[in-house]
Amino acid sequence: MQEFGIKSANGFEGLGIKPKSVKWNLGPAECTEEVLKNGEGVLTDRGSVMVDTGKFTGRAPKNRFVVEDDKTRDTVWWGNINQPATPETFDILQDRMVKYLEDKDIYVRDCYAGADPNYRLNVRIFNTIAWQHQFTYNMFIRPSKEELETFESNFTIICIPEFEIDDYEALGLNARNFALLNMTKRMLIIGGTGYAGEMKKGIFSVLNYILPEERDTLSMHCSANEGKDGDVAIFFGLSGTGKTTLSADPNRALIGDDEHGWTESTVFNFEGGCYAKSVDLTEEKEPEIWNAIKFGAIEENTRFFEGTRKIDYENTSVTENIRVSYPINHISNAKLPSIGNVPKNIFFLTFDASGTLPAISKLSKGQAMFHFISGYTSKVAGTEMGITEPVPTFSACFGAAFLPLHPTKYAEMLGKKMEENEVNVWMINTGLNGTGSRTKLKYTRAMITAALEGKLDNVEFEQHPEFGFQFPTDCPGVPSELLNPRDTWTDVNKYQDEVNKLADKFNANFEKFKEYANEEILGGAPKALQS
C-alpha cells in the first residue's frame, strides 16, 4: 500500500481496509490536481472547481437509517425521520464496503467536528472521490500539522458514491443508495449517492445525539454571530427565511452559518466551512458568499454561460439546489476559532404568508419552547411544483430531519438555558403583512439591530390576542403601522379568519408532540390548545 500526504499517528488496520494507495489529508491545491486528473470536475474562471453530484442533487431522507440496538432503542425518536436498521444489516454493508475498497485508490481525511476542543468529535473520513475529499476539507475543522501527528479518531465515515446494493429489500432498506448511522460502532456508512451533504448532515445528526444525551449541551440548526462587545446572537430559520442573509452582518463577526452547540459557557460552530445555496447568487445580494468563491471552493451542479468558464447562477437545469462549499476563513469577518459567549438574543425567523404574525415579537420561555418545537414557516407559490397558494410548513426545532432525539428534549434544554442566562427570544416575520407585501429587508435588519442594541428594552409592548406573545408599538427605523399585524389589514374580519386558521394549524401540528410536552410548553401555545 502506497501512502501520500500528512498521515496521522494511528492507522485504520482495525477496520480491515486494504487499499492500493492512500492519500492522506490533502490540501486544496493537491485536491484540485486530483479532481482534474481524475476528470471529476473543471476549473471556473474564479479558481473554484465545478462538479456534478450525479443523480442525487440533495439528501435522500427516505434512505437514511439509524441502527436500533441497546444504545439507541429507548433514546432515539423513531419514525419516518429515524428509521431503524438492524445491526446485522449494518455489519453486512460495512463488510461489503471494506471488500470493495481492496486495491482501490482512496482518500482519508482526519478532521474535527466542533470548534470547542472540550466538545469536539475526532472524525476520520474515507472517500473514493477527490472532490468529496476536498469537500471534507472545506466543511470540517482542519487540524494543524502538529495535531495530525497525534490525531486519534473517535468516529468514522465511509462514503463510496459508486457503491450500490441490489438486495436492499432483503436488508430491510428502501433503495440501492443508503446512509446508515451506527452510534454503538460510532460509524456512518454512505453508498450509492454522490451528494456530499450526506456526510455533513450525518455528523450533525451524530452531534445532535451525543451532545444533549451525553454532554448536557444543546445542539442547534442555526447561524450565529458576535458583536464587537462579545454579545452573541443566534438565528433559527428554515429555507427562505433569511437565516444566512440576516446573520451576515458587516458589523458583527460570523461564528457560523448552520450548526452550533451551546454549552454552559460557549456557543461554538460544529463546522469549519459554509455550504451555501447559490441559486440566483449575485455580488450585490450576497457579497460575503460571492467573495468567498475562489480557489478551494467547490461548486455543485452549476452550469457555465455558453463559451465561457463563468457560472450562470440562474441556470437551474440540473437542480434548484445548486450549492457552493468553502472554508469559513474565506469569509472576511469570520471569527476564528469559531467560538463565542452564550447568546444574549435568539431570533426565530419565519416567513408567515398569512400576514397575521407581527414583524417582531418577544416570546416568553414557554412560548419559545412551543415555537421552537413547531419550527414554522411557509412554502409560497413557485417554490415547488404544484404549490399555487401559501402552504404552512413545520419542522421541529427548525431541523427535524437531523434530530435523533425527541424534539421536547431539545426544547426543554433551550428553556433551561434561557432561564439560566436571561436570554431574549424574538420571533421575526420575514414574510408578508396584511397588504400582501413582504417586509422590506431594511426594516427587518432595523428590528434585529434594535433588539441587539437594547433599543426595545424600554418601549411599550402589546399582546397578540391569539398567540399571546408581545410586540413593540415602536421600533427605531421601522414605520409603526407595520408593527401591529392587524393594522396592515383593511378587512379586519378577514384578518381574524386568517389568524384563527393559522392558530388552528399550529395546534394541529403540535398534537403529535402534545403527550411529551410539559405544562410550560403547552402554555406557550395559541389559545385553542391551552383551553
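## Briefing: turns, buried elements and charge pairs

D216 counts as partly exposed, because its relative accessibility is 44%, a value between the 20% and 50% limits for that class. Welcome to a predicted model, in which D216 makes a handy way in: its phi is near 50°, a positive value in a residue other than glycine. From there the tour takes in backbone features, two largely enclosed elements, and the charged side chains, with 24 salt bridges in the structure.

**Backbone features in loops**

- D216 belongs to the loop that runs between α5 (197-215) and β12 (218-226).
- D103 also has a positive phi, about 65°, although D103 is not a glycine.
- The loop between α2 (87-100) and β7 (105-113) is where D103 lies.
- With a relative accessible area of 60%, D103 is exposed, since exposed means over 50%.
- A cis peptide bond is found between L336 and P337, with omega at about -5°.
- On the P337 side of that bond, we are in the loop between β19 and β20 (339-340).

**An exposed glycine and a long span**

- G14 sits in the loop between β1 (2-5) and β2 (21-24).
- The relative accessible area of G14 is 83%, so this glycine is exposed.
- If you would like a sense of span, try G14 and T449: their C-alpha atoms are separated by 53 Å, and the two residues are 435 apart along the chain.

**Enclosed elements: β17 and α3**

- Strand β17 covers residues 273-277, and four of its five residues are buried, so the rest of the structure largely encloses this strand.
- The partner to look at is strand β19 (residues 323-327): five bridges join β17 to β19, and the two run antiparallel.
- Within this pairing, A276 stands opposite V324 of β19.
- As a reminder for viewing such strands, side chains in a regular strand alternate between the two faces of the sheet.
- β19 comes up twice in this briefing, as the antiparallel partner of β17 and as one end of the loop that holds P337.
- Helix α3 (residues 130-139) is largely enclosed by the rest of the structure, because nine of its 10 residues are buried.
- The buried residues of α3 include the aromatic side chains of W131 and F135, along with A130, Q132, H133, Q134, T136, N138 and M139.

**Salt bridges**

- Side chains of opposite charge can pair when their charged atoms come close.
- R73 and E68 form a salt bridge, with 3.8 Å between the closest N and O atoms.
- Both ends of that pair are partly exposed: R73 has a relative accessible area of 36%, and E68 has one of 28%.
- D166 pairs with R176 in a salt bridge whose closest N and O atoms are 3.1 Å apart.
- D166 and R176 are 10 residues apart, each in the loop between β9 (155-160) and β10 (178-182).
- D166 counts as exposed at 62% relative accessibility, while R176 counts as partly exposed at 37%.
- K494 and E498 form a salt bridge in which the closest N and O atoms lie 3.2 Å apart.
- Helix α11 (residues 492-510) holds K494 and E498, and because they are four residues apart, about one helical turn separates them.
- K494 is partly exposed, with a relative accessible area of 36%, whereas E498 counts as buried at 16% relative accessibility, because buried means under 20%.
- A network of salt bridges links K200, K201, K243, D258, E259 and E271.

**A negative patch on the surface**

- E460, E462, E481 and D487 form a negative surface patch.
- One of these residues, E462, is found in strand β26 (residues 461-463).
- E462 counts as partly exposed, because its relative accessibility is 35%.

Methods. Residues numbered from 1 in each chain as written. Predicted model: local features only at pLDDT ≥ 70, side-chain atom pairs only at ≥ 80, totals over all residues. Heavy atoms only, no water. Buried < 20%, exposed > 50% of the residue type's maximum accessible area, 1.4 Å probe, protein only. Pairing = 2+ DSSP bridges. Patch = residues over 30% accessible without salt bridge, like charges linked within 9 Å, V, L, I, M, F, W, Y side chains within 5 Å. Areas by Shrake-Rupley, 256 points an atom, 1.4 Å probe, with all protein chains shown as cover. Salt bridge = Lys/Arg side-chain N within 4 Å of Asp/Glu carboxyl O. Lys, Arg positive; Asp, Glu negative; His and termini not counted. Charge placed at Lys NZ, Arg CZ, Asp CG, Glu CD.
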